[in-house]
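This report sets out selected features of a protein chain for a reader at the bench. Please keep the sequence and the structure in view while reading.

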Amino acid sequence: MTSKQKYRIQGRFALRDPWWEISCTASRLNSKFVMKGYPSYSLRILRQEEGRSIVSLFLKPCGVDSDFVTRFMQWLPVDRHVDLTNVEEALNDFGNQSKENGEQVESDVLHRISKSGIVVLVAARMYPHVMRYMPTLLPGKFLKLLNKEKETADVQGLPEKQKDESILAKLENLIKTTVWKLGFGYIMWKEFQLVRCETRVEAFRDCKLFSTIPRLQRDALVLYDDLKNFCRQKGHTYIDRENLQESMRSCGIPEVNTWEAVNFLRNQGVLKVDKQKIALRNLYKYETEIVECLSTVAMAEPWKIDLDVKEVLSSAQRMRMRAKAELEKEQSSSAQNGEEHAPLEPLPVLDSSLDFDDSFDEEFDPTPVELDPDQVRAAEMMCANPVTVISGKGGCGKTTVVSLIFKAAVAQQESKKEKELEINSSCEGNKENGAQSPQEVLLTAPTGRAASLLTKRTSFTAYTMHQVLWSFMSTKKSPSGEPMNWMFAKVRVLVVDEGSLVCVQILHSLLSMLTKYAKLQKFILLGDIRQLPSIDPGNTLNDLFESLQRVRWAIEMRTNHRAESELIVRNAGLIADMGLKKTYYDLDFDEVVDLSETFRVPSPDKRFILILLPREENDDDLQMAIKQLLQRPAPGLKDDRSSQFVAFMRRDCDLINELCCKNYSDHTTKDCKKKLNFQVGDKVCCTKNGYVADIDKEKEIKDMEKDTKEMQKKEQAKEVRKNIHNCIYFTSLQLVQDLSVKRRQLLLADETGEVVLKADYRELQRECKLRHAWARTIHTFQGSEEKTVVYVVGNGICQTWKHVYTAVTRGQQRVYVVAKIGGLERAIRGHVIKRSTRLAGLLTDMIGKLKQTWDDLYTQTSQSYLGTPKRGSSILPGQSTLWSSPGPSQAFCSTKSKYAEQVCTHNTAEDMIYGNNTFQSGSPSVSKRHNKSDNCDTPTKQQKTAAVESPLGCSRLERLSLASSTPKAHARKLFPGAPQITEDQPQ
């Protein structure tokens with residue numbers, strides 16, 4: 001501003017000391033000015049009278065003694081001009097003329113100044129472009145770069161040679177010469193080892209640097225930025241040539257310039273080109289390495305799980321039936337005595353929490369048990385296959401089956417180890433080491449709420465995927481980079497629940513870590529393919545399911561075992577059917593409440609209820625509808641611990657949270673200063689994964705003895721910080737007097753009332769972004785469930801049948817659907833954008849290669865068994881094969897006798913890749929015609945096929961001779977006519 005008036009500007013300023021000159025753009029908002037964009041910094045040109053006061057202010061924060069500052073200011077000649085540019089020279093002169101300990105005082109003062117901030121001043125003098133442009137180009141990294149330069153100066157000092165090699169010097173030269181490199185994170189990492197430093201095109205324009213960039217690099221920046229937005233907004237992992245060309249045409253870039261930019265970025269390593277597909281480097285890498293990890297798991301030494309899965313599931317079912325009968329007997333007896341009791345809670349068909357380890361030692365129970373054939377087949381797949389994908393709605397028993405099978409497998413493994421120890425007369429110390437085997441099964445979920453539900457439903461401790469990754473990053477590494485004493489180093493089985501929420505980036509990180517630094521042998525992915533995909537790019541669950549279902553490594557469990565949610569599941573199936581067929585017909589609502597008429601409260605026995613908003617639209621229709629549901633209250637909404645509101649629009653969530661806060665906690669969500677207001681009993685959630693200090697554990701550390709070893713202190717300091725993830729909590733607030741400062745503490749408790757964490761409110765808000773959680777969006781509540789769910793559809797704009805399906809399946813017992821007339825139909829008929837990904841094609845190609853490998857291996861093994869080695873083969877009749885297992889069938893039998901047994905039981909290489917799992921349940925082998933049937937046929941139906949005995953043991957041996965063709969000639973083609981995915985080719 002040209003006028004000399006003073007203005008108060010509100011904004012975020014990284015450097016706020018009085019010796020900085022700050023330039024920014026501000027706009028008037030009501031009665032105040034608010035900064036727009038980011039500021040730039042430079043050292044102030046001080047007048048003589050200002051220089052002395054600024055220097056005095058500068059020395060005090062540097063830790064210089066006040067007496068020294070006073071003596072220095074008194075010594076300073078009146079006619080000498082001093083400011084921050086020549087303060088070092090003035091201090092040197094003062095030290096030379098000092099009579100008492102001049103040299104010692106001078107070196108100590110200069111050392112303190114260099115450690116406290118002189119580096120920033122040097123940067124301001126030597127790197128003006130960095131101070132001017134970096135706050136806008138890299139706003140999140142500006143202070144970190146300055147602190148990094150300061151840390152380097154503290155260790156090495158700042159001689160002239162190192163000034164030229166410093167990161168700020170490199171960035172200064174970069175801005176002057178090739179500033180376009182700041183727009184590509186991969187180039188910044190490759191040349192400067194800076195992680196996640198990437199500038200947006202808008203930032204270049206704000207700094208007026210975009211016009212100084214050459215035309216080719218400008219087009220490359222626009223293309224790269226457009227491709228990032230395309231993948232982030234629509235979830236694709238690549239774009240085809242036609243869409244890219246059309247998008248660039250809309251940006252005003254000619255076709256010739258577009259392909260020049262693509263070729264430039266491909267040469268720089270930023271883009272990958274695969275025929276007609278153009279992908280970002282990171283997304284291309286994620287999908288490719290996911291397939292490589294799965295291939296490594298499939299070809300690695302397998303975990304042999306020899307379980308009778310039917311007996312395991314039947315035993316758990318019998319114990320569940322006994323527990324239910326005993327509970328009914330107790331309640332009937334108490335009812336006869338006139339005692340009150342709670343209603344009988346419905347139990348799942350298979351309860352994984354029951355202790356059935358000793359059930360096999362009990363006498364045989366002849367009680368017939370009807371098992372779900374889908375659960376039996378899923379259990380057999382998990383035992384036989386290295387990779388298994390299980391899809392199904394909530395209540396079909398996915399997590400229960402996983403828990404039962406691996407609990408039995410771990411128990412079986414422990415019993416075998418104990419027997420071996422008894423035979424070998426091992427010491428007791430080895431027995432204690434075997435107690436850590438349950439950690440070999442790692443259960444994870446993408447959200448904290450899903451992980452907590454997984455822990456409750458299974459017998460294992462579940463973690464969020466971010467917790468596993470963070471544990472690896474925080475673990476001490478050896479010089480070779482391997483983690484030392486990592487808690488997940490012995491993991492053999494990885495189970496990921498709610499797979500629809502998992503993006504390619506997080507799955508790639510987890511699989512890469514466990515395949516390289518753990519003992520991963522099995523990977524199991526659970527989820528529902530009909531739910532919404534992840535917010536980030538990728539469609540991992542659908543890609544894995546579609547690809548692996550062809551080779552019988554994936555199954556869909558279709559039977560619902562929750563009696564109270566039968567109507568919800570049936571309507572969810574109708575929603576999915578209408579969405580896939582792009583049609584609409586009325587759902588099976590057991591009650592419809594039209595708010596255009598007199599409101600009536602639904603009866604408690606209703607489970608699927610439609611609330612129609614008034615036909616004459618008003619702005620407060622939704623507000624009046626929610627108020628009526630809360631004030632009555634409607635069935636299931638009396639207790640906020642067992643109910644949840646779900647909406648598509650964030651503004652609808654804000655409105656509902658305000659109404660619920662007034663109804664349940666009797667206060668508003670914000671105070672008079674427009675700040676979030678949290679009170680005792682509020683329902684809150686953390687919208688960001690973060691680590692905060694547990695105050696109770698901090699006190700324990702402070703009370704430790706002084707002679708505690710330094711290493712123990714570091715380990716306990718790690719335990720002080722606790723991960724707070726996307727869970728729902730209920731608050732309890734305290735004000736604690738700490739060192740004469742009021743410290744607001746917040747206690748977070750789960751729905752049972754158990755305190756999870758006691759943390760400082762400011763730290764919790766800063767690290768985890770605490771928000772009220774009576775209402776949440778569909779995406780943030782995905783992966784969670786509640787007894788009663790109220791889904792606000794509204795007018796249905798921008799929603800699809802996947803949104804409706806995902807929201808409805810969050811309810812366990814009761815679902816309210818609040819919609820305008822025609823809103824539900826509009827949502828179900830909404831267009832679903834199919835995500836473009838490479839993962840499915842890469843998996844198909846991987847399966848084909850594995851099939852060929854196992855097919856060749858089987859051919860060599862069968863000929864070795866007959867004494868006729870294959871021409872050109874290096875495997876002789878008496879030698880072992882290249883791998884210890886031919887495939888996933890027969891629990892990966894690894895010995896020569898097992899291979900011969902496979903020949904006699906019709907387990908060809910084709911059966912290996914298709915996973916003939918009937919051996920697990922003890923049923924005889926089935927014909928190929930039967931194997932082609934639907935993968936949901938029950939094993940009991942397959943047992944009806946009678947096996948014809950042969951004098952030679954099997955019909956295949958009858959046809960074998962030295963002159964006959966090898967079994968490979970009779971192998972069925974796995975994917976006839978399927979397109980092959982080629983590697984990245986330069987275009």
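## A buried acidic residue

Aspartate 543 is buried yet takes part in no salt bridge, and lysine 834, the nearest side chain of opposite charge, is 8.0 Å away. The model discussed here is predicted. Aspartate 543 belongs to helix 23, which spans residues 540–549. Apart from residues up to four places away in sequence, aspartate 543 touches Thr837, Leu839, Ala840 and Leu843.

Arginine 550 follows in the loop between helix 23 and strand 12 (554–557). With a relative accessibility of 45%, arginine 550 counts as partly exposed. Arginine 550 and threonine 844 are 294 residues apart in sequence, but their C-alpha atoms are 9.0 Å apart in space.

## The chain as a whole

The chain has 987 residues, of which 50% count as buried. Its secondary structure consists of 38 helices and 25 strands. Among contacts with a separation of 6 or more, 72% are between residues 24 or more positions apart. The chain exposes about 49900 Å², and carbon and sulfur atoms supply 49% of that area.

Helix 6 (residues 128–137) illustrates burial within a single element. Seven of its ten residues are buried, so helix 6 is largely enclosed by the rest of the structure. The buried residues of helix 6 are Val130, Met131, Tyr133, Met134, Pro135, Thr136 and Leu137.

Threonine 777 offers a further case of burial, this time in strand 23 (residues 775–777). Its relative accessibility is 9%, and because buried means under 20%, threonine 777 counts as buried. When neighbours within four places in sequence are left aside, threonine 777 is in contact with Val646, Ala647, Phe648, Arg650 and Cys653.

## Salt bridges

How many salt bridges does a search of the whole structure find? The search finds 24. Three of the pairs are listed here with their N to O distances.

| Acidic residue | Basic residue | Distance, N to O |
|---|---|---|
| Glutamate 260 | Arginine 215 | 3.2 Å |
| Glutamate 440 | Arginine 492 | 3.4 Å |
| Glutamate 825 | Arginine 829 | 3.1 Å |

The side chains of arginine 215 and glutamate 260 meet in a salt bridge. This pair links distant parts of the chain, as arginine 215 lies in helix 12 (residues 215–234) and glutamate 260 in helix 14 (residues 255–268), 45 residues apart. Arginine 215 is partly exposed, with a relative accessible area of 35%. Glutamate 260 is likewise partly exposed, at 34%.

The salt bridge between glutamate 440 and arginine 492 spans 3.4 Å from N to O. This pair, too, links distant parts of the chain, its members being 52 residues apart. Glutamate 440 sits in the loop between helix 19 (428–433) and strand 8 (441–445), and arginine 492 in the loop between helix 21 (465–474) and strand 10 (493–496). Are these two residues buried or exposed? Glutamate 440 is buried, with a relative accessible area of 9%, and arginine 492 is buried at 14%.

In the pair formed by glutamate 825 and arginine 829, the side chains meet at 3.1 Å, N to O. Glutamate 825 is partly exposed, with a relative accessible area of 31%, and arginine 829 counts as partly exposed at 45%. Elsewhere, salt bridges that share partners join Arg215, Asp219 and Glu260 into one network.

## Surface charge and backbone features

A patch of positive charge on the surface gathers Arg12, Lys670, Lys674, Lys688, Lys769 and Arg771. Within this group, lysine 769 is found in the loop between helix 29 (761–768) and strand 22 (770–772). At 36% relative accessibility, lysine 769 counts as partly exposed. Its phi is near 55°, a positive value in a residue other than glycine.

Lysine 582 also has a positive phi, of about 55°, although it is not a glycine. Lysine 582 is found in the loop between helix 24 (566–581) and strand 13 (591–594). Lysine 582 is exposed, with a relative accessible area of 66%.

Which peptide bond is cis? The bond from arginine 632 to proline 633 is cis, with omega near -10°. Proline 633 lies in the loop between helix 25 (621–631) and strand 15 (643–647).

Definitions and conventions:
Residues are numbered from 1 along each chain as its sequence is written. This is a predicted model: local features need pLDDT of at least 70, side-chain atom pairs count only at pLDDT 80 or more; totals for chains, interfaces and linings use all residues. Side-chain values use heavy atoms; hydrogens and water are left out. Patches are made of residues with over 30% relative accessible area and no salt bridge: like charges are joined within 9 Å, nonpolar side chains (Val, Leu, Ile, Met, Phe, Trp, Tyr) within 5 Å. Accessible areas come from the Shrake-Rupley method with a 1.4 Å probe; for residues, only the protein chains shown count as cover. A salt bridge is a side-chain nitrogen of Lys or Arg within 4 Å of a carboxyl oxygen of Asp or Glu. Lys and Arg count as positive and Asp and Glu as negative; His and the chain ends are not counted. The place of a charge is taken as NZ of Lys, CZ of Arg, CG of Asp or CD of Glu. Helices (H or I, at least four residues) and strands (E, at least two) are DSSP runs, numbered from the N terminus. Buried means under 20% relative accessible area, exposed over 50%, partly exposed in between (1.4 Å probe, protein chains only). Contact means heavy atoms within 4.5 Å.
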